[in-house]
Amino acid sequence: RYYLATAYEESKDLERAVEEFQRIPAASPFYLDAQIHLAYVFEKQNRVPEAIQVLQKAVQAKPENVEMYRFLASLYEKSNQYEEGIRVLKKGLEFAPRDEKILFTLGVFSDKAGDWQEGIRQMRRVLEINPDHAQALNYIGYTYAEKEIFLDEAEALIKRALELKPDDGYITDSLGWVYFRKGQLDKAVQELEKAHRLAPEDPVIAEHLGDVYWKNRQNEKAAQMYERSLQLDPKKTDVAEKLKRLRREKKKP
C-alpha cells in the first residue's frame, strides 16, 4: 500500500496518494514515512492546516523522530505561526539537543517572533557545535548590521562566512551592508554590486544597492535598483516610498 501510494504521488494522482497513505495504520513500519509523505502532499496542495494535523499526530506516535519536528516547524512558518514553531523545535531539541538544523531554525523563528537577542543566542549555540556554519556566522553579522551595533565583529563574522562560501550572493550582500553602516561607501558599492551579480533575483539585495547608490549621490543608478527591487517584489511598499522620494528629489531645481 505504501509503494502504491508513492506511485500515485509520483504520477501526480495526489488524491489517490492521500487515500492510500491514510490507510496505513500506526502499527505499520511504513507509518512514519507515510505520514511524512502525506503531509508533503497536503503541502503541495496548499492544504497546510491538514499537513500540520497529520504531523502533529505523527509526532505523538513517534516522538523520537527529529525530522518531523523540523518539517512541522516549516509548516508553521508558512502560516506565520512562529510561536508554535518555536514550541515544536524546542520539543525536538529534547531528543536531539545538538541538532544544528533545529538550533538554526529556532534562531530564525525567535528573530521573526520579535526576539532577535534570542535568535543571536541560538546562532551562538550553532557555532559552538560547528564553528564553520557559514549561515549562522552570516546571520549574526547581518543582524548586527541591521541593528547598527558591534559592526567590527559583524564584519569579522561575515568575512569568515565568505571564506567558507566565497561566491554566496547573500553573504556578500551582508558584507556590503556592514560597509554601508560604517560609512565606507566605496567598499559597500563594490560588495553590493558583486552581490547583485551573484543573486540578481533577490529584491533585498537590489534595494540595498539602491540605498548605497542614493547615499553616494548616484541617483539614476539608485532609481534603477529600486525599480528592479519592485519588479522582483511589488509588495515592498518601503521601496516604493524610497523611489517616490528619490524622484521628488530629482525634480528639485
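**Pockets and helix packing in the predicted model**

The largest pocket is lined by 19 residues, and those nearest its centre are N138, Y139, Y142, Y170 and S174. Two or more lining residues are contributed by each of α7 (100–112), α9 (134–147), α11 (169–182) and α13 (203–215). Of these helices, α9 supplies the largest share of the lining, with 7 residues. The volume of this pocket, calculated on a predicted model, is about 430 Å³. By class, its lining consists of 9 nonpolar, 4 polar and 6 charged residues.

Two of the helices that contribute to this lining, α11 and α13, also pack against each other. Their axes come within 10 Å and cross at roughly 25°. An angle under 35 degrees counts as roughly parallel, and α11 is therefore roughly parallel to α13. The crossing of these two helices is left-handed. On the α11 side, the contact involves G169, Y170, D173, W177 and F180, and on the α13 side I205, H208, D211, V212 and K215. The residues of this contact comprise 5 nonpolar, 2 polar and 3 charged. Y170 thus appears both in the contact with α13 and among the residues nearest the centre of the largest pocket.

The second largest pocket has a volume of about 160 Å³. Its lining is formed by Q22, Y31, Q35, L38, F42, E50, Q53, V54 and K57. The elements that give two or more residues to this lining are α3 (31–44) and α4 (48–61). Classification of the lining yields 4 nonpolar, 3 polar and 2 charged residues.

Helix α3 is also packed against α2, which spans residues 14–22; the axes of the two helices come within 9 Å and cross at roughly 150°. Because angles over 145 degrees count as roughly antiparallel, α2 is described as roughly antiparallel to α3. This crossing, too, is left-handed. From α2, the residues L14, V18, F21 and Q22 take part in the contact, where they meet A34, Q35, H37, L38, V41, F42 and K44 of α3. The contact comprises 7 nonpolar, 3 polar and 1 charged residues. Several of its members recur in the lining of the second largest pocket, including Q22 of α2 and Q35, L38 and F42 of α3.

Note on methods. Residues are numbered from 1 along each chain as its sequence is written. This is a predicted model: local features need pLDDT of at least 70, side-chain atom pairs count only at pLDDT 80 or more; totals for chains, interfaces and linings use all residues. Side-chain values use heavy atoms; hydrogens and water are left out. On a 1 Å grid over the protein atoms alone, a cavity is a set of points where a 1.4 Å probe fits but cannot get out, and a pocket is an open set with protein on both sides within 12 Å along at least five of seven lines; lining residues have an atom within 4 Å of a point. Grid points are joined across faces, edges and corners, and a volume is the space filled by probe spheres set on the points. Helices (H or I, at least four residues) and strands (E, at least two) are DSSP runs, numbered from the N terminus. Ala, Val, Leu, Ile, Met, Phe, Trp, Tyr, Cys and Pro count as nonpolar, Asp, Glu, Lys and Arg as charged, and the others, Gly among them, as polar. Axes are lines fitted to C-alpha atoms, for helices over the stretch in contact, and angles run from 0 to 180 degrees between N-to-C directions. Angles under 35 degrees count as roughly parallel, over 145 as roughly antiparallel, 65 to 115 as roughly perpendicular and the rest as oblique. A crossing is left-handed if the near helix is turned anticlockwise from the far one by less than a right angle, and right-handed if clockwise. Contact means heavy atoms within 4.5 Å.
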